[in-house]
Each structure stands twice: as structure tokens, then as C-alpha cells.
Amino acid sequence: MTPKKQPKTRAATWWDHAGPLTVVFTGGADSHQGDLVLPVRLPSGSGRWPRLPHFLGDPGTWHKIDLVRRRDASAPGGWAYEAHVTVLCVGYASAQTRARRAAAAGLDRVGGVDGNVSNLSIVSFPSTFDPSHGDVEATRVELTDDELAALAKAHRKTRGRNRALNRSRRASNPDQYRPSKRQQTRAERRAAADLPARTLQLPSGARKANKAGAPKQAYRRDRLSAGYHLKRAQLAEAAATEAEAKDHRARRTAERIVTRHGANLIVEDCDIRTWYRLWGKTLQATTPGRLVTAIARECERTGGRMRRASTFTTKLSQACFCGARVAKTLADRIHHCTSCGLNGNRDMVSAALAAHVQLENPDDPTTARLDIVQARQTHSLFQKGLQEALSSQPQRGAHPTRGCTRAAAPSRKPPAEVLCSTQRHQPVPDKPRMRPDPRTSGTRPTSEQPAVRTTHHPGAPDPHRHRTDITELRDDS
């Protein structure tokens, strides 16, 4: 109030704004430009409204606004610009998610996780290892046939876009590339025939470089067309969409695993980078590291923890429940113990043994030790259920190979009843030339392939083809 008992008046500011939510960018104290006011477009859709009061209901938790950009091929320049508000609060969880995590936290179970290039295996037991408190639960995560077809289609599309980018760059910068051997041969043939030389529009050879192999002109100095920028934006947008889809699938898979096996899991402490050096792009489709990380995050949100055990101190892939050592190579996918007679899938057995690992320091994987005494008791108590849960099953899409294979030596004269219709109408080949075999005193046909010797333990299940893929949750219990 003024001394004359009149209300004071002042110019309205944005602190007095009580209308719709807006973002205001001020020009500063010394700026002569006005304020930039941008309306906020809140996300709409099913299930979006409960998130808005959670994050925006308390202005005291608003921290700052960041200007970001994301790839959008339909936007001018290939970029879409957005303003993201940072809120200092816990993440949002729906009522169904809170109920599911509460139920998973109540599961008194302990489990092990074994991940490899093609699949992810999880086996869990009751924490008391008492059959009266629960059964053995086993789960296998791998790619389905539909997901394999979708990945192959996406790979072909990405390869086509990369080739289109390469052609566009070569067409815009023909002076920076050499002609291919085929183009050079054609030019020499035309010159020898006294024909006029053709102008090379798109050289297909290598880029011009110096003696050290470095390009004479840097790639950043190349001329790029508008079509090149559009294709590059489409490629980046597709890669971001694919990465988001993989994250979504990993989160959903982790939720199902924790709901079934509990939030107390143990996994081998493996370095995924060494896997990439061995298998390369195969891991981009299966993403075992992404799955393990999502499971660990879901365990923490549920109230448990995923602990890591060193492979040097446990050696789960070379051990058995009875304590015997079962040596296996990477190609051996079946576990067969001659001491106790346990037969099962190699990954399932390793995951089941991981549930019996004890750590002196949960933060130090090198302190992990396999409790052989508890493993032997589990083998005796859960003998029938354990054998069924760890039994080897054929991979999805693995069909037996028809006809003769290289694993068996083909007979010289197969019987007529085993000949297919196409072989019956073919002329009988001449008798193969014989030459001495240095390994034996006899002779063998030169056209035949030597038999491949395979070791098969008595009583072990038949081996199955191994597929290097992963994705859908499948119950093998």
C-alpha cells in the first residue's frame, strides 16, 4: 500500500503467470530483445496422464531445461529440436508395476544367470534349497523366428542405405576415387579399338590416397548432395529406433524374469568386449549385455541385487553338481557327467550352479566360491526335477539335415530305396580312381571325403544344432 492507502501497481512478470504451462527464454538484463515464450506440448496418449502429475505436480523439483535435438528425416535439416525439463525426483511406476515388484520381492528364491552369444539361461531354487518350499524353475531367452526375420529385413534395409550413401558420395566427388579394375579394363579395350573414351560418371574403385594410405582429401571436405543428407538422416533415425526397441525388449524380458525367479540372482562376471572380438555383429542382434544390465536394474528396483561371480574362481562351465570336473570346449553344448550321470544343457547347468555360489564380499567378484556341499545336496533332493529342468532341448528352427552329411562317410553305391527321385534319373558315375592312402595300407576313393570322428558319451542325449541368436522368453521347466 502507498502512504495514501492505495494499492501499489507494477508491471506484470512471468512470475505472475497462472495460465497454461509455457517455457520462457529471457534476453537478459542488458538485452533489448523481448522474451521468447514457447508453449509446452504435453505428451498425450493412454496411460500418460498419471506421469504428468508425478513429474510436473511439484514445481520445487524442477531443475533445469536442456535444449536437445534428435534425428528426424522429415524435419528441415534432418533434426528435430526439443526442450527437456530435468526433474529431481524418483522415477514413475504404475500401480501394476508396484504390485508386481512387491510380489517379486516376496519370492524367497535364489537363482543363477548364464549368458552367451545365442541365448540367456536362468535357473532358480528356493533360498532354503528345500523341495517342500518350491520347485526348480528354468527359463531360456532366445530369438523367435519372427524376430529373426525382422532382423534380417532391417539388416538388408540398412545395407541398402549404406550403399546408397556410398554411391551418392562417389557421384558428388568423382575426382577423389579411382576406377575399378573392370572399368580400367573396359577403357583399355576401347582405346585399343580406337574408340572414343567414355566419361566415367561413377568410379567404383578405391579412394585416392598417398603412399601411407591416407586419403588425399579428407572426407569432411567432400561435396554432399541434399539426397545424401536425407539418406543419412534416415539411417540415423532407423538406428535410434532400433536401439530404443532393443531397450524396450530388454526391460520387458527383465520384468518377466524377476517376476518368476525373484530379485536375488548371480551371474558370471564376463567381459562382453571379448565376445565382440570373437563373434562381432552377431551380438548386435542378441544383445546379451543389454539383457543382463536390464535384469540387474530390475533387481535393484525390486529390492534385491544381481551379484557377479568371477569365472576364474568358479569355472561353472567345467563343473558338475557332484563336484567332478567335466571338461568342455565352446563347441560342446551338452553337459554329460560320467560320475553322477547328469545330462543337460551346458548353459542350464552353469546357471543352476551359479545359484550355489557364495561371495565373501558381494562387491568383489574374485571372492566367489562354488559351494560344492550345497550343490550335492541339491542334486540329491531335486534329482528328478533338476534333470527335467536342465535337459537339453532342440533350438528353435533347428531342423535335421536331410540326406548325407559330411559327418558320415558316403557309401560308394547307395541302395536304390534311399535314392531320391532326382538321383534315380542321373547317370551312374564312373568308378572313382583309387590312390594309396598314407594313413592305411589300403586305398580309398579320391572323390570321397574322410569320415569325421565325433565323440559321443554313452547315455548322453543327441547333440543339437547351435544357433547364435536370442530374444523371447521361453519356459523350459
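1. Lysine 231 is partly exposed in this predicted model, its relative accessible area being 31%. That value falls between the limits of under 20% for buried and over 50% for exposed, which is why the intermediate class applies. The residue sits in helix α5, the element that spans residues 226-261.

2. Lysine 231 also takes part in a patch of positive charge on the surface, where it gathers with Arg159, Arg163 and Arg167. Helix α3, covering residues 145-172, gives the most to this patch, with three residues. Because membership requires over 30% relative accessible area and no salt bridge, the 31% computed for lysine 231 satisfies the accessibility condition.

3. Turning to paired charges, a search of the whole structure finds 16 salt bridges. One of the pairs is formed by glutamate 298 and arginine 100, whose side chains meet at 3.1 Å, N to O. This pair links distant parts of the chain, since glutamate 298 belongs to helix α8 (residues 288-302) and arginine 100 to helix α2 (residues 95-105), with the two positions 198 residues apart in the numbering. Glutamate 298 and arginine 100 are both buried.

4. A salt bridge also joins the side chains of arginine 169 and aspartate 222, with an N to O distance of 2.8 Å. Here too the pair links distant parts of the chain, 53 residues apart: arginine 169 lies in helix α3, whereas aspartate 222 lies in the loop between α4 (181-192) and α5. Arginine 169 counts as buried because its relative accessibility, 13%, is under the 20% limit. Aspartate 222, with a relative accessible area of 8%, is buried by the same criterion.

5. The salt bridge between aspartate 271 and arginine 273, at 3.0 Å from N to O, should be read with the accessibility of each partner in view. Aspartate 271 counts as partly exposed, at 33% relative accessibility, while arginine 273 is exposed, with a relative accessible area of 59%. The value for arginine 273 is over 50%, and therefore the residue is placed in the exposed class.

6. Finally, salt bridges that share partners join Arg100, Arg101, Arg252, Glu255 and Glu298 into one network. The pair of glutamate 298 and arginine 100 described in point 3 is thus to be considered together with Arg101, Arg252 and Glu255, which belong to that network as well.

Key. Residues numbered from 1 in each chain as written. Predicted model: local features only at pLDDT ≥ 70, side-chain atom pairs only at ≥ 80, totals over all residues. Heavy atoms only, no water. Patch = residues over 30% accessible without salt bridge, like charges linked within 9 Å, V, L, I, M, F, W, Y side chains within 5 Å. Areas by Shrake-Rupley, 256 points an atom, 1.4 Å probe, with all protein chains shown as cover. Salt bridge = Lys/Arg side-chain N within 4 Å of Asp/Glu carboxyl O. Lys, Arg positive; Asp, Glu negative; His and termini not counted. Charge placed at Lys NZ, Arg CZ, Asp CG, Glu CD. Helix = DSSP H or I, 4+ residues; strand = E, 2+ residues; numbered from the N terminus. Buried < 20%, exposed > 50% of the residue type's maximum accessible area, 1.4 Å probe, protein only.
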